[in-house]
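Labels such as "buried" or "roughly parallel" rest on cut-offs. The turns below take some of these labels and ask what stands behind them.

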Amino acid sequence: MRILLVEDEPDLGEAIKRILTQKAYIVDWVQDGMEAGDYLENQWTQYTLVIFDWLLPGLSGIELCQKLRHQGSLIPLLILTAKDTEADKIMGLDAGADDYLVKPFGMGELLARLRALQRRSPQLQPQKLQVGNFILDYQLYTFSYQKSLIQPLTISLTNKEFQLLDYFLHHPN
Ligand code: CA
């Protein structure tokens, strides 16, 4: 699963990226709302979820959220913010966010919320990616090579191998 993380606080962004990568998520981390918009419009990157801070340089998290929903995007959106009043939460959710996590939060809770968002949006979860005779399985973390009339050769992957192969298959040239 590929996640776009939009967080302008370096220590927090670094910590979130590290824990998600350990859990075998593929994470692209940007620190600016405008840059996040560019990443999401880039046809070579396929995200299954976006985690974003509310207060960002460029475009705020709320503006990013509204822009994506206005464009018809159904991608799951999780807001991270220190804004913790009821009015703030209502504004965030009404802007199109699917979930709202108030800072400071524990990484265990962040991971649980990501799992919940994944469960709610199975249609957005790629099961497999096939390029030519190569198949990467996102559920089983395996890589297969299919030759006609021969049983596919399938190997299990470590996290790092999985992330590299996912990158290579998304950039076939
Ligand atoms: Ca911020």
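Q: Why are helices α2 and α3 called roughly parallel to each other?
A: This is a predicted model, and in it α2 (residues 33–41) and α3 (residues 61–70) pack at an angle of about 25°. Angles under 35 degrees count as roughly parallel, so α2 and α3 are given that label. Their axes are 10 Å apart, and the crossing is right-handed.

Q: What makes the contact between α2 and α3?
A: On the α2 side the residues are Gly33, Ala36, Gly37, Leu40 and Glu41. On the α3 side they are Leu64, Lys67 and Leu68.

Q: What makes Asp8, Asp53 and Leu55 the protein donors of the calcium ion?
A: For calcium, a donor is an N, O or S atom within 3.2 Å of the metal. Asp8 (OD), Asp53 (OD) and Leu55 (O) lie 2.0 to 2.3 Å from the ion, so they meet the cut-off. Their spacing in sequence is D-x44-D-x1-L. Asp8 sits in the loop between β1 (2–6) and α1 (10–22), while Asp53 belongs to strand β3 (residues 49–53). The two are 45 residues apart, and the pair links distant parts of the chain.

Q: How do you know whether Asp53 is buried or exposed?
A: Buried means under 20% relative accessible area. Asp53 has 6%, so it counts as buried.

Q: Why is Asp8 called partly exposed?
A: The label covers values between the 20% limit for buried and the 50% limit for exposed. Asp8 has a relative accessible area of 30%, and therefore is partly exposed.

Q: Why is Arg120 called exposed?
A: Exposed means over 50%. The relative accessible area of Arg120 is 54%, so the label applies. Arg120 lies in helix α5 (residues 107–120). Arg120 and Met1 are 119 residues apart in sequence, yet 14 Å apart in space, C-alpha to C-alpha.

Q: How do you know that β4 and β5 pair?
A: Two strands pair if there are at least two bridges between them. Strand β4 (residues 77–81) is joined to β5 by 4 bridges, so the condition is met. The two run parallel. Thr81 has Val102 in β5 as its bridge partner. Helix α4 (residues 86–94) lies across β4 and β5, at about 145° to β5.

Q: What makes β2 and β5 stand at the edges of the sheet?
A: The open sheet of 5 strands has the order β2-β1-β3-β4-β5, with parallel pairing. β2 (26–30) and β5 (99–102) each have a single partner strand, so one side of each is left without a neighbour in the sheet. From one strand to the next, the twist averages 20°.

How values were computed
Residues numbered from 1 in each chain as written. Predicted model: local features only at pLDDT ≥ 70, side-chain atom pairs only at ≥ 80, totals over all residues. Heavy atoms only, no water. Donors = N, O, S within 2.8 Å, 3.2 Å for Na, K, Ca; no water. Buried < 20%, exposed > 50% of the residue type's maximum accessible area, 1.4 Å probe, protein only. Axes fitted to C-alpha atoms, helices over the stretch in contact; angles between N-to-C directions. Contact = heavy atoms within 4.5 Å. Parallel < 35°, antiparallel > 145°, perpendicular 65-115°, else oblique. Left-handed = near helix turned anticlockwise from the far one by under 90°.
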